[in-house]
Amino acid sequence: MTLYVAAIDQGTTSTRCMIFDHDGQVICFEQKEHEQIYPRPGWVEHSPAEIWERTVTVMQLALEKGNIEPSAIAALGITNQRETTVVWNRWTGRPYANAIVWQDTRTAGMCRQLAQEGGQDRFRAKTGLPLATYFSGPKVRWLLDTVEGLREDAERGDALFGTIDTFLGWQLTGGPQGGQHVTDVTNASRTMLMNLQTLDWDEEILEVLAIPRQMLPKICASSEVYGEIRQPAVLAGIPLAGMLGDQHGALVGQTCYDVGEAKNTYGTGSFLLLNTGQEIVPSQHGLITTVAYQLADQPACYALEGSIAITGALVQWLRDNLGMISSSAEIEVLAKTVEDNGGVYIVPAFSGLFAPYWRSEARGVIAGLTRYVNRGHIARAVLEATAWQTREVVDAMEQDAGVVLTALKVDGGMVVNDTLMQFQSDVLGVPVIRPQVAETTALGSAYAAGLATGFWEGLDDLRQNWGVDRVWQPNMAEGERARGYALWQKAVSRTFDWVDTE
């Protein structure tokens with residue numbers, strides 16, 4: 001008897017296996033971090049082999065921790081860091097190079113060259129995306145141009161490209177022995193290679209970027225059976241039936257199925273998505289138009305997204321690079337030793353600025369320093385940076401969609417920080433709502449897999465599972481909010497044009 005659905009949540013810093021029951025509650029999970037590789041300033045890499053090893057390990061350990069028999073698992077879903085790019089050999093499974101992570105900026109020069117003809121929005125009408133280092137297409141081109149022998153292998157069909165969902169799905173369903181080379185519409189929509197209207201790879205863009213089509217995966221719905229798991233053996237025979245990019249997974253997990261519903265996920269970066277239904281809404285204010293999800297053979301649903309590169313990663317930077325805290329949880333304790341930020345603003349443009357600016361040449365700044373400032377003020381400024389960046393995205397979203405946000409559903413690792421959530425409510429001027437299951441990214445991919453296999457009947461089943469854990473109400477005066485926002489925007493302006501683009 002099948003009692004559970006499992007999800008692989010392969011994120012930027014770690015891999016988790018989470019197992020959910022029919023009520024959408026977490027039964028057990030296991031998590032392992034993987035190495036962050038920084039070969040040069042602005043370059044960020046992961047080892048695909050390490051990620052696969054971690055994936056197998058957490059799947060096995062989660063079953064052991066929950067004392068769960070594999071026969072009780074109805075299906076497995078995958079959710080993943082999205083634009084991170086892997087190219088590997090079809091016959092051996094070996095990667096040609098480390099994965100290039102979504103934060104990586106090595107393709108900045110290529111993006112500038114591509115923008116010389118048609119501007120930064122050259123492909124936006126088809127893909128919903130600006131030309132930026134964030135997306136997978138330029139990363140694939142960079143690998144094809146720099147890894148010896150890769151282009152020849154790709155043209156022969158021996159080299160395969162995928163985002164992390166594709167790489168793990170291929171391994172799980174057999175790898176070199178017949179693994180399924182597939183992706184879903186949400187991950188494909190982040191490559192800058194997929195046409196939003198046709199939901200297929202765009203031949204013109206492939207030609208411009210000189211990317212052989214034969215190395216690309218088949219684009220599927222977010223919820224369908226792609227194949228059966230063949231490795232690891234302990235899970236053999238379980239259907240792999242859901243794939244969603246992490247932020248789309250959170251939208252599904254937060255049950256934002258109606259037009260106008262929005263969620264914000266606070267992880268390594270932060271990502272605010274607004275459901276626009278079956279309408280493709282072009283952005284005029286620096287947002288991304290993306291596929292929200294597609295269930296089986298139903299029409300795709302679309303979303304507007306505000307992508308913020310660095311939020312939780314700023315806390316990690318304070319911990320790992322500066323040594324000001326020994327654990328991420330300590331930042332709230334430190335921030336509460338002071339009443340305000342002491343006039344300090346930190347803009348974490350470590351990889352340039354994403355939405356709504358899309359300035360790859362920007363770099364991080366700490367502004368407003370005086371002798372008065374101490375560690376507590378720095379910690380508070382780190383937390384506030386996340387909230388102010390979210391405010392900028394919300395402003396852009398309201399202008400694009402013509403709707404006024406009345407409340408914000410939140411999820412992800414940072415929502416356990418009450419100080420941040422209260423400040424977020426204050427600077428937005430609306431309630432902030434945390435669900436009972438905060439790790440909705442994995443839950444969304446579990447929902448997709450469960451819908452595909454009949455474990456859940458439909459969206460109403462999933463809506464019934466959603467419940468409120470806590471609500472924060474705004475209590476900041478409008479004048480104080482406006483003054484703080486003006487200083488934040490002044491600090492952001494100081495990050496521009498830091499890297500010489502000549």
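Q: In what order do the 7 strands of the open sheet with mixed pairing stand?
A: In this predicted model, 7 strands form an open sheet in which the pairing is mixed. Its edge strands are β17 (288–293) and β23 (468–472), each of which pairs on one side only. Neighbouring strands are turned by 30 degrees against each other on average, direction ignored. Read across the sheet, the order is β17-β18-β16-β15-β21-β22-β23.

Q: Which residue of β18 is the bridge partner of T290?
A: Edge strand β17 pairs on one side only. β17 is joined by 5 bridges to strand β18 (residues 301–308), and the two run antiparallel. Within β18, the bridge partner of T290 is A303.

Q: What angle does the direction of helix α9 make with that of β17?
A: Helix α9 (residues 246–253) packs on the sheet that contains β17. The helix touches β15 (262–266), β16 (270–277), β17, β18 and β21 (408–411). Its direction makes with that of β17 an angle of about 55 degrees.

Q: Which helix lies across β15, β21, β22 and β23?
A: The strands concerned include β22 (432–435) and the edge strand β23. The helix that lies across them runs at about 55 degrees to β23 and spans residues 418–428. This is helix α13.

Q: Which are the edge strands of the open sheet of 6 strands?
A: The sheet has the order β3-β2-β1-β5-β14-β13, with mixed pairing. An edge strand here pairs on one side only. The residue ranges are 26–33 and 223–228, and the strands are β3 and β13.

Q: Which residue in β14 stands opposite G227?
A: Strand β13 pairs with strand β14 (residues 239–245) in the antiparallel sense. The pairing extends over 3 bridges. Opposite G227, in β14, stands L240.

Q: At what angle to β5 does helix α6 run?
A: Helix α6 (residues 164–172) lies across β1 (4–10), β5 (73–80), β13 and β14. Helix α9 also packs on this sheet, touching β5 and β14, and its direction makes about 105 degrees with that of β14. For α6 and β5, the angle is about 145 degrees.

Q: How many of the residues of strand β8 are buried?
A: Strand β8 (residues 159–163) is mostly covered. A159, F161 and T163 point one way from β8, L160 and G162 point the other way, and all are buried. The count of buried residues is therefore 5 of 5, buried being under 20% relative accessible area.

Q: Which residue in β8 is the bridge partner of W88?
A: Strand β6 (residues 85–89) and β8 pair in the antiparallel sense. They do so over 5 bridges. The bridge partner of W88 in β8 is L160.

Q: Are the partners of the R106–E45 salt bridge buried or exposed?
A: The closest N and O atoms of R106 and E45 are 2.9 Å apart. The pair links distant parts of the chain, 61 residues apart, with R106 in the loop between β7 (99–100) and α2 (108–115) and E45 in strand β4 (residues 45–46). R106 has a relative accessible area of 12% and E45 has 11% relative accessibility. Because both values are under 20%, both residues count as buried.

Q: Which residue of the K126–D202 salt bridge counts as partly exposed?
A: The side chains of K126 and D202 meet at 3.1 Å, N to O. K126 lies in helix α3 (residues 124–127) and D202 in the loop between β11 (200–201) and α8 (203–209), 76 residues apart. D202 has 7% relative accessibility and counts as buried. At 27% relative accessibility, the partly exposed residue is K126.

Q: In which helix do R391 and D395 lie?
A: R391 forms a salt bridge with D395, the closest N and O atoms being 3.2 Å apart. At 16% relative accessibility, R391 counts as buried. The two residues are 4 residues apart, about one turn of the helix, and that helix is α12 (residues 375–401).

Q: What is the radius of gyration of the protein?
A: The C-alpha trace spans about 65 × 55 × 45 Å along its principal axes. Buried residues make up 62% of the 502 residues. A compact globule with 502 residues would have a radius of gyration near 23 Å, so the value for the protein agrees with that expectation: 22 Å.

How values were computed. Residues numbered from 1 in each chain as written. Predicted model: local features only at pLDDT ≥ 70, side-chain atom pairs only at ≥ 80, totals over all residues. Heavy atoms only, no water. Buried < 20%, exposed > 50% of the residue type's maximum accessible area, 1.4 Å probe, protein only. Pairing = 2+ DSSP bridges. Axes fitted to C-alpha atoms, helices over the stretch in contact; angles between N-to-C directions. Contact = heavy atoms within 4.5 Å. Salt bridge = Lys/Arg side-chain N within 4 Å of Asp/Glu carboxyl O. Rg over C-alpha atoms; globule rule 2.2 N^0.38 Å.
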